[in-house]
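Visitor: I should like a close look at a single part of this model, with attention to its salt bridges and to what surrounds them. Please treat the matter as one connected account.

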Amino acid sequence: MSAISRPFWITLGAVSIAFHLWLIFSGLVPNLVSRPIHMALALPWALIFVAKTRPQQISGVILTIIGLIGCGWIVLNHSELGDQYGFLMGNTQIAIAISLLIVVLEMARRAIGWPLPMVAATALLYAFYGEYVPGEFGHAGLPVESMLGTLTIAEGGLWGSLTGVSVSIVAIFVIFGAVLNGGEAGQGFMNVAGAAAGRLKGGAAKVSVISSALFGSISGSASANVASTGAITLPAMTRLGYPKRLAAAVEAVASSGGQIMPPLMGAGAFVMVELTGRPYVDIMVAAILPAILYFLAVWVGINAYAQRYNLPGVPEEDRPSMRAVIITSGFFLVPFTILLWGMFGGGYTPQYAACLALIAGAALLFLDGNLSFSVVRAKDRMIDVCLNAGRQVAMIGSIILCASIVIGVLGLTGLGVKITSLLLSGSGGMLWPALLLTALACLILGMEVPTTAAYVICVSVAGPALIELGLDPLQAHLFVFWFALLSTITPPVCGAVFIAAGMVEENWLKVAGTAMALGVGLYIVPLAMVANGSLINLGADPIWAIAAGLKVALGLTAISFGLISPKPVWVRIGLAVAGGFAIFAAGI
């Protein structure tokens, strides 16, 4: 934490929470008011809070002031700016626009490192100088006033639809997650997992899978998931004699899967709502079977490793009592039930339903696992909620603002259409080569860019090509979203693996190899969604969707067991081949 006093950050976090809740309950607020305020609230967290040295603190304060001036100017003049239709007037407006773009790039750099800001900076250079690029990848040239204005005073760049998703949906669910994590919900996840799987062979690993799937569905971050649940599950596994590389791999793979597990699925699902135009409930239902299949493959892999290493379950004395399970599970079941009722039964928007669930979760902060009531404890928990929510909303906001620059430039210059054409020609107009090229692009971009940003950028350029080649739009988006997640466990840059390996002090390459075998579903299920289109049609055609799910489950089980089991090599190869045939032959 920076040199600024702790009360300041607590207050700022509380203001951020109050602002985003007020937006949901207050009705319509002009976009050029709500979105700049969203950025303004994120500025101190992204530029000052993360500062580690005195020069970083000083520069962070200066940049924060510049950003606040720019955001404030847009809010105060939003009506007049709407009449300019994205065209800047005068050097002062140009200076403000350039300042805002620089501040956003630095926000993202301090929040997540260099890669995404470098992509955005390269996009800006292309917008300025692309007219000098020879051949089909050049553009006709853009007036500076129009280009910068579209990115900064209109809704085609910083204040575009992606930022709108961050303001109105993502922020609420991030706050909801912070409220649940501030109380006993995390312990509830662990207790339910321990009771459900602790007694089984390989039980400690299976507890990790269940708890990480539950926790990851609200955290939206594989790395945060590893750090949180791994602090409990990794020592439990290593204490029972699990190989360190296996313990770390289980946690990394399970934590990565949290981002594809409904009902929340992290920020990517909400961005998908905006990009596809499909209701959030449709996306959530479509994602259920693929997510279950992913965790099925992990479960089968753990069973295979349990045979190889004779992995024990969790000792009875270490498993939670039924009373503890029932009580602590209520800390997440009550808010989740309200959330799902709000969306399905009450007919509310996801963000409004999340607000209701959030209020219930906040009330539960007064209670602990023994149902004792404490105002002092609740106060401490609410302080943690303010700090965590403010920081996480700012980090995701920084990522989405920076990605919005890239999307804005792609639209302004027509570069997205040109890359789509290149993808179509490179694949020879055939779907499967285009899918493989898209998967490679997702893996490369995802290596250094957060999952949500990698998904947004990849789907913006590859999505139209895949749709033109015959994929349903939701199918194309889910395919790209899944492959944007590959980099969490795939070398050379695999964030979840690095963290888990560090926590058990094991060579990360050994962990990555084991994680790729356990997480084979992450590579196969997206392809299975294409080969078996019914797999994502659970809402519209449940019978055929379940039939496709059973077919893919059979194939995945064979492949996962074949990769890991101690059987003879020829048996394992036969299982893998049969599994692949089951998944991809005569798709449903």
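Guide: What follows concerns the salt bridges of helix α5, then a further bridge and the cavities. The model is predicted.

A search of the whole structure finds 5 salt bridges. Glu 106, Arg 109 and Arg 110 are joined in a network of such bridges. The helix that carries them, α5, comprises the 22 residues 91–112. At 1.5 Å a residue α5 should span 32 Å, and its end C-alpha atoms are indeed 32 Å apart, so expectation and model agree. Just after α5, Gly 113 adopts a positive phi of about 100°.

Within the network, Arg 109 pairs with Glu 106, the closest N and O atoms lying 2.8 Å apart. These two residues are 3 positions apart in α5, about one turn of the helix. Arg 110 also bridges to Glu 106, with a closest N to O separation of 2.7 Å; here the spacing is 4 residues, again about one helical turn. An α-helix has 3.6 residues a turn, so residues three or four places apart point the same way. As to accessibility, Glu 106 has a relative accessible area of 15% and is therefore buried, the limit being under 20%. Arg 110 is buried as well, whereas Arg 109, at 24% relative accessibility, counts as partly exposed.

A further salt bridge joins the side chains of Glu 184 and Arg 381, at 2.8 Å from N to O. This pair connects distant parts of the chain, with Glu 184 in the loop between α8 (161–182) and α9 and Arg 381 in helix α17, 197 residues apart. Glu 184 is buried at a relative accessible area of 16%, and Arg 381 is buried at 9%.

Glu 184 also belongs to the lining of the largest cavity, together with Val 179, Leu 180, Gly 183, Ala 185, Phe 331, Gly 361, Leu 364 and Leu 365. This cavity holds about 40 Å³ of space, and its lining comprises 6 nonpolar, 2 polar and 1 charged residues. The search of the whole structure finds 2 cavities of 30 Å³ or more.

The second largest cavity holds about 30 Å³. Its lining includes Ser 16, His 20, His 38, Trp 45 and Val 393. The elements that contribute two or more lining residues are α1 (6–26), α2 (31–49) and α17 (375–413), with the largest share, 4 residues, coming from α2. This lining has 5 nonpolar, 4 polar and no charged residues.

Methods
Residues are numbered from 1 along each chain as its sequence is written. This is a predicted model: local features need pLDDT of at least 70, side-chain atom pairs count only at pLDDT 80 or more; totals for chains, interfaces and linings use all residues. Side-chain values use heavy atoms; hydrogens and water are left out. On a 1 Å grid over the protein atoms alone, a cavity is a set of points where a 1.4 Å probe fits but cannot get out, and a pocket is an open set with protein on both sides within 12 Å along at least five of seven lines; lining residues have an atom within 4 Å of a point. Grid points are joined across faces, edges and corners, and a volume is the space filled by probe spheres set on the points. Ala, Val, Leu, Ile, Met, Phe, Trp, Tyr, Cys and Pro count as nonpolar, Asp, Glu, Lys and Arg as charged, and the others, Gly among them, as polar. The expected span of a helix is 1.5 Å times one less than its number of residues. A salt bridge is a side-chain nitrogen of Lys or Arg within 4 Å of a carboxyl oxygen of Asp or Glu. Buried means under 20% relative accessible area, exposed over 50%, partly exposed in between (1.4 Å probe, protein chains only).
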